[in-house]
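Subject: Structure handover

Hello,

Here is the structure I promised to pass on. Please open it first, then read the notes below.

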Amino acid sequence: MSGRATSERDITLVELLDRVVDNGVVLAGDITISVADIDLIYLGLRLVIRSPVITPAEDRPRTDESSEDAHDFILRVRDSAGEH
Amino acid sequence: MTSYYVYAIQPANIEVPRDLYGFHPDALAKLCWRDLAAVVAPHFETDTLAPTPGRVQRHHEVVKRLSELGPVLPVRFGTILADCGTLSEALKRHAETLHADLERLAGKYEYGITVLWGDYLAGSDGSAGEPIEPQGENGRAYMLQRLGEYQREQRIKEIAESIKSEVESSLEPVAEEIKLQAMMRDDVPLRGSFLVPAEWSDAFETEFERLHENYKPLRMLLTGPWPPYSFVSEDYTSLPAHKVR
C-alpha cells in the first residue's frame, strides 16, 4: 500500500469524528457520550464545506486534552474553520 | 471491580505492543474469549465520556497501529464494559459476526470521498447554478418563482445523481464495497466510503485522481486509508447506539 493519500491529504478532524464516534463495532448498548447538543455529523459536513484544507500540524488535536469539553472543542474547530 | 474501555477487536493470537497507549494512563491489554481478543484499557472515570480531540485522535491511533499488525475491527468510541465477565459475554454473544467481519475485512482499508459543488454548477451549463430572483410581487410572479426554484432543485438533484453514478462506476473496479449518499445536504452532492484491499490502494488513488480531473470544477476530497470503520457489519448496530446528551 502506498500510504500516499495519508501523507498528501492528511486526516481532518471531521473525518476522524465521523468515523471514530459514529462508526465501528457496537459491542453493547450502553455507550454514552456527551456532544453538548451538537449534531456531530452536521457540524462535520459544515466544516468540510468551509475548511476542506489539510489541518496544519500545529492545529492537529493534542493528546493532553482530557479535561477539554467536547463543546469547547467543537467551537474551537468551528472558529478555526472560519479562518480559511 | 474494574471497567474496561474497548478500542478494538482482533484475533487473540496477535500481541498488543507493550508501548501502545490510548487515552488512559495504563498501557493497553487484551482480554480474550476463545480466539477473539478485545484490546482494552482499565477505565475508572464515572463521568460521561466526551469525544475530545485528544481522545478521538488517540482512539484512532490505537486502531490504526493495530491494523498494521493484522486484522482489526474498530470499536465505536465510548464503549465501556462494566467488567471482565460482561466483556467476555459480549464477545461470546457477537462471536459469529466478529469472526465473519475479521475475515471479510482482513487486509482491507477504507477511503472516504466528499464531493463539494465548488464552481461546478455555475460552470456546467448555467441552468442550475443561479438562484431564481423574485420577478415581482403579484401572484403569478410568485408562482413562477416557486416553479423556477423547484426546477432548479430537480436539476441539481439530477446532476448529483449523475455524479454519483459516475463515481460509482469509475471506482467500482478498484473497491470491494461502496457506500454512497447523494445530496445528504444541499451543498454536498456526494459522500462516500470505499472498502479497498491494500494491494488495490494505488489503483484506487490513481482512479480517484482521474475522476477528480474530469470533474475539475467540483471539489473532491479524499481521505484515507483508514481502518474499516464504516464497513463493520450492521448486525451490531441493531443495538441502540449513542445516548447523546
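**What I found**

B:E149 counts as partly exposed, at 30% relative accessibility. One caution before going on: this is a predicted model.

B:E149 has a charged partner. Its side chain meets that of B:R146 in a salt bridge, at 4.0 Å from N to O. B:R146 is partly exposed too, with a relative accessible area of 44%. Both sit in helix α5 of chain B, and because they are 3 residues apart there, about one helical turn separates them. The general rule is that an α-helix has 3.6 residues a turn, so residues three or four places apart point the same way.

Helix α5 of chain B also holds B:L144. This leucine is partly exposed, at 42% relative accessibility. Together with B:L147 and B:Y150, B:L144 forms a nonpolar patch on the surface. The accessible area of the three is about 300 Å² together.

**The cores**

Now the inside. Which residues have the most contacts inside the largest nonpolar core? They are B:W117, B:I163, B:V167, B:F194 and B:F204, in a core of 26 residues. Several elements of chain B supply at least two residues each, including β6 (108-116), β7 (177-185), β8 (188-197) and α6 (201-214). Helix α5 (139-171) is on that list as well. The largest share, 6 residues, comes from α5(B). In general, nonpolar side chains tend to be buried together in soluble globular proteins.

Take a look at B:W117. Beyond its neighbours within four places in sequence, it is in contact with B:I156, B:I159, B:A160 and B:I163, among others. Its contacts also include B:M183, B:D186, B:D187 and B:P189. B:P217 and B:L218 are on the list too.

There is another core, of 24 residues, that lies apart from the largest one. Among its members are A:A28, B:L81, B:L98 and B:L105.

**Chain A**

Chain A has 4 helices and 1 strand. Along the sequence the pattern is α-α-β-α-α. The chain has 84 residues, and 50% of them count as buried. Take the contacts in chain A between residues at least 6 apart in sequence: 84% of these join residues at least 24 apart. The chain exposes about 3,900 Å², with carbon and sulfur atoms supplying 45% of that area.

Please check helix α2 of chain A. It is mostly covered, with 9 of its 10 residues buried. Those buried include A:L13, A:V14, A:L16 and A:L17. Charged residues are on the list as well, among them A:E15, A:D18 and A:R19. Just after this helix, A:G24 takes a positive phi of about 105°.

**Salt bridges**

How many salt bridges does a search of the whole structure find? The count is 13 over all chains.

One of them involves A:D18. The side chains of A:D18 and B:R191 meet at 3.0 Å, N to O. The pair crosses between chains, from helix α2 (residues 13-22) of chain A to strand β8 of chain B. Are the two partners buried or exposed? A:D18 counts as buried because its relative accessibility is 14%, under the 20% cut-off. B:R191 is buried as well, at 12%.

Another salt bridge joins B:R58 and B:E61, whose closest N and O atoms are 2.6 Å apart. These two are 3 residues apart in helix α1 (residues 53-67) of chain B, so about one helical turn separates them. B:E61 is partly exposed, with a relative accessible area of 29%.

B:D101, B:R104 and B:E177 go further: salt bridges link them in a network.

**One last spot**

Find B:E234 in the loop between β9 and β10 (243-244) of chain B. Is this residue buried or exposed? B:E234 is exposed, since its relative accessible area is 58%, over the 50% cut-off. In sequence, B:E234 and B:T97 are 137 residues apart. In space, their C-alpha atoms are 9.5 Å apart.

That is the handover.

Best wishes

Definitions and conventions
Residues are numbered from 1 along each chain as its sequence is written. Chains are lettered from A and ligands numbered from 1 in the order in which they are written. This is a predicted model: local features need pLDDT of at least 70, side-chain atom pairs count only at pLDDT 80 or more; totals for chains, interfaces and linings use all residues. Side-chain values use heavy atoms; hydrogens and water are left out. A nonpolar core is a set of buried Ala, Val, Leu, Ile, Met, Phe, Trp, Tyr and Cys residues joined through side-chain atoms within 4.5 Å. Buried means under 20% relative accessible area, exposed over 50%, partly exposed in between (1.4 Å probe, protein chains only). Contact means heavy atoms within 4.5 Å. Accessible areas come from the Shrake-Rupley method with a 1.4 Å probe; for residues, only the protein chains shown count as cover. Patches are made of residues with over 30% relative accessible area and no salt bridge: like charges are joined within 9 Å, nonpolar side chains (Val, Leu, Ile, Met, Phe, Trp, Tyr) within 5 Å.
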